[in-house]
Amino acid sequence: MRPTLTVFESSPDRGRGLARDMRVRWALEETAVPYDVRLVSFDAMKQAAHLARNPFGQIPAYEEGDLVLFESGAIVLHIAQHHPGLLPEDADARARAIVWMFAALNTVETPIVEREAATYAERGKAWQAEHLAMLDARVRVRLQALARHLGDSAWLDGAFSAADVLMVLVLRRLEGSGLLEDFPTLQAYIARGQARPAYRRAFEAQRAAFEATRGG
Ligand code: GTB
């Protein structure tokens with residue numbers, strides 16, 4: 001059953017692959033699953049038809065026959081559980097990969113998103129610089145631990161997995177922040193992910209969608 005992925009009609013990241021549909025696109029490319037795309041406008045995202053797909057009125061949403069899923073991490077896990085290539089066969093190794101999927105979304109992404117929100121929501125506020133310094137420090141603690149864990153390894157736990165799909169894209173959210181520059185291990189890790197052919201295909205697909213909708 002060919003799945004349909006619902007994504008921004010016009011992504012605010014302007015085709016930089018930072019919106020959360022990129023995780024799902026990358027997972028589908030890694031597992032060689034062809035898919036269709038539905039584009040939704042910001043208005044349509046809050047209408048009943050899309051709320052039936054995602055109760056929070058957000059992207060991504062994923063449909064496969066009668067199955068309708070939201071939450072990018074859960075969608076990536078679903079794809080990884082049903083197609084070979086993104087989770088190890090060995091039960092313990094599979095459990096560890098799933099641990100790292102949660103770590104990417106709960107332990108690493110959370111302070112990164114909090115920091116990102118403060119950069120625009122608190123713009124112009126007297127306390128922003130002090131608050132950002134505190135949030136930067138929290139992100140650095142996570143980056144230090146992650147870099148220590150990775151060490152000389154290519155991927156988070158043995159072979160490339162769905163956890164790496166999530167972690168590489170979570171880390172990409174720090175682009176432009178200046179925080180990654182102190183962590184060459186993590187910069188090399190991100191570059192390894194971006195060099196994968198499946199990543200390139202996913203990136204080009206989301207960029208083409210953005211270019212098409214802006215008339216370019
Ligand atoms: N936990 C959910 C998941 O993982 O699926 C979060 C989904 C989510 O935040 N979706 C965002 C959304 O739909 C898009 S990805 N926002 C619209 C709304 O809430 O009304 C977040 C995102 C948006 C833009 C950029 N950017 O411009 O760089 C990066 C990331």
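Trainee: Which of the 15 residues around the ligand come nearest?

Mentor: Arg20, Lys46, Ile59, Glu71 and Ser72 do. A residue is near a molecule if one of its heavy atoms lies within 4 Å of it. This is a predicted model, where local features need pLDDT of at least 70 and side-chain atom pairs count only at pLDDT 80 or more, while totals for chains, interfaces and linings use all residues. Residues are numbered from 1 along each chain as its sequence is written, and side-chain values use heavy atoms, with hydrogens and water left out.

Trainee: What makes Arg20 a polar contact of the ligand?

Mentor: A polar contact is a pair of N or O atoms within 3.5 Å. A polar side-chain atom of Arg20 lies 2.6 Å from a ligand oxygen atom, so the pair qualifies. Lys46 also places a polar side-chain atom 2.6 Å from an oxygen atom of the ligand. Asp13 uses a backbone N or O atom, 3.1 Å from a ligand oxygen.

Trainee: How much of the ligand's accessible area does the protein cover?

Mentor: The protein covers 76% of the 680 Å² that the ligand has on its own. Such areas come from the Shrake-Rupley method with a 1.4 Å probe.

Trainee: What classes make up the shell around the ligand?

Mentor: Seven nonpolar, two polar and six charged residues. Asp, Glu, Lys and Arg count as charged, so Arg20, Lys46 and Glu71 fall in that class.

Trainee: How do you know that the domains touch?

Mentor: Contact means heavy atoms within 4.5 Å. By that test, 18 residues of domain 1 are in contact with 20 residues of domain 2.

Conventions: Polar contact = N/O pair within 3.5 Å; in protein donor to acceptor, adjacent residues only side chain to side chain.
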